[in-house]
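Visitor: I should like to take a close look at a single part of this structure, namely the strands and the sheets that they form. Please explain that part in a connected way.

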Amino acid sequence: MSGRHNLELRSPGSNDKMLDSRKIRKGDRFMDTVSETYHYDCEEGYIITAVLAEDQWSDDTGGNAELVSGGPGKKHVTIKVTSRWNRGFHFRFIVYGKRVSAPSDSSGQTSDGGIKSSDNWQYKILYRKSDEIIRALSANRLTERLAGLLKGQKMIGEAVYDRATNYAPNVTEYTRMKHLITAVQTSTRATPQRYHD
């Protein structure tokens, strides 16, 4: 039985590229635990395909890693490591990903406005739309077109929630944006003024 406490979020494919590799080490704290958060944001045009958090200690005294947000299929990942009682930890984090791009002969949408399902480029379209919506929500300038996308496209709605976590500068703004998103998705009205504070 291994004494390492690794976390593996999918296995990297043969064509995946290593996007980040970083080690975090924390010393012990008397009669307490220690913790640290690892975060990575993809460069433009990439999505995450696999994440590894490798315990560098093999004697079963290392910390425990858990996914906080993001991961494979997303453009960011956050992992929290917490030590054992009276112990520190030493982890290596490796993020793999792949480049995504939109096809030159398509707008990225089907005739009914839905997002196409191709894994090679749908995330770029998805996040471009969600970024546009999240910025509009932040500035209280949500249009009927963007509100319609947020209400009508499940994947875009999920991406907007995901982007709100990264975009909001503080908890108050994050909470406000969450309320606005919920209001848009549950409202039966079309006018954008309905979604302003």
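Guide: The following account begins with the whole chain, then turns to the sheets, the loops and the aromatic rings.

This is a predicted model, in which local features need a pLDDT of at least 70 and side-chain atom pairs count only at pLDDT 80 or more, while totals for chains, interfaces and linings use all residues. Residues are numbered from 1 along each chain as its sequence is written, and side-chain values use heavy atoms, with hydrogens and water left out.

The secondary structure of the chain comprises four helices and seven strands. Helices (H or I, at least four residues) and strands (E, at least two) are DSSP runs, numbered from the N terminus. Along the sequence, the pattern reads β-β-β-β-β-β-β-α-α-α-α. The chain has 197 residues, of which 43% count as buried. Here, buried means under 20% relative accessible area, exposed means over 50%, and partly exposed lies in between, with a 1.4 Å probe and protein chains only. Among the contacts in the chain with a separation of 6 or more, 69% join residues 24 or more positions apart; a contact means heavy atoms within 4.5 Å.

Now to the sheets. Strands of a sheet pair through backbone hydrogen bonds, either parallel or antiparallel. In this account, two strands pair if DSSP finds at least two bridges between them.

One open sheet consists of four strands in the order β1-β4-β7-β2, with antiparallel pairing. Its edge strands are β1 (7-9) and β2 (17-26), each of which pairs on one side only. From one strand to the next, the twist averages 15°. For such angles, axes are lines fitted to C-alpha atoms, for helices over the stretch in contact, and the angles run from 0 to 180 degrees between N-to-C directions. Within this sheet, strand β4 (residues 46-55) and strand β7 (residues 89-99) run antiparallel and are joined by nine bridges. One may locate this pairing at Ala50, whose bridge partner in β7 is Tyr96.

Another open sheet has three strands in the order β3-β6-β5, and the pairing is again antiparallel. The edges are taken by β3 (35-41) and β5 (64-70); each has a single partner strand, so one side of each is left without a neighbour in the sheet. The twist here averages 20° from one strand to the next. Six bridges pair β5 with strand β6 (residues 76-82) in the antiparallel sense. Among the bridge partners, Ala65 is matched with Val81 in β6, and Leu67 is matched with Ile79 in β6. β5 and β6 form a hairpin with five residues between them, and Gly71 in the turn has a positive phi of about 115°.

The sign of phi also deserves attention in two loops. Most residues other than glycine have a negative phi, and most peptide bonds are trans. Arg10, in the loop between β1 and β2, is not a glycine, yet its phi is positive, near 70°. Arg10 counts as exposed because its relative accessibility is 56%. Met31 lies in the loop between β2 and β3 and has a positive phi of about 55°, although it is not a glycine either. With a relative accessibility of 45%, Met31 counts as partly exposed.

Finally, consider the aromatic rings. A pair of aromatic rings is described by the distance of the centres and the angle of the planes. Rings of Phe, Tyr and Trp (its six-membered ring) pair if their centres lie within 6.5 Å; planes under 30 degrees apart count as stacked, over 60 as edge-to-face and the rest as tilted. A search of the whole structure finds three aromatic pairs. One of them is the stacked pair of Tyr38 and Phe93, with 4.5 Å centre to centre and 0° between the planes. This pair links distant parts of the chain, since Tyr38 belongs to strand β3 and Phe93 to strand β7, 55 residues apart. Both Tyr38 and Phe93 are buried. The rings of Phe89 and Phe91 have their centres 6.2 Å apart and their planes at 75°, so this pair is edge-to-face. Phe89 is buried, with a relative accessible area of 0%, and Phe91 is buried, with a relative accessible area of 0%. Tyr38, Phe89, Phe91 and Phe93 form one aromatic cluster.
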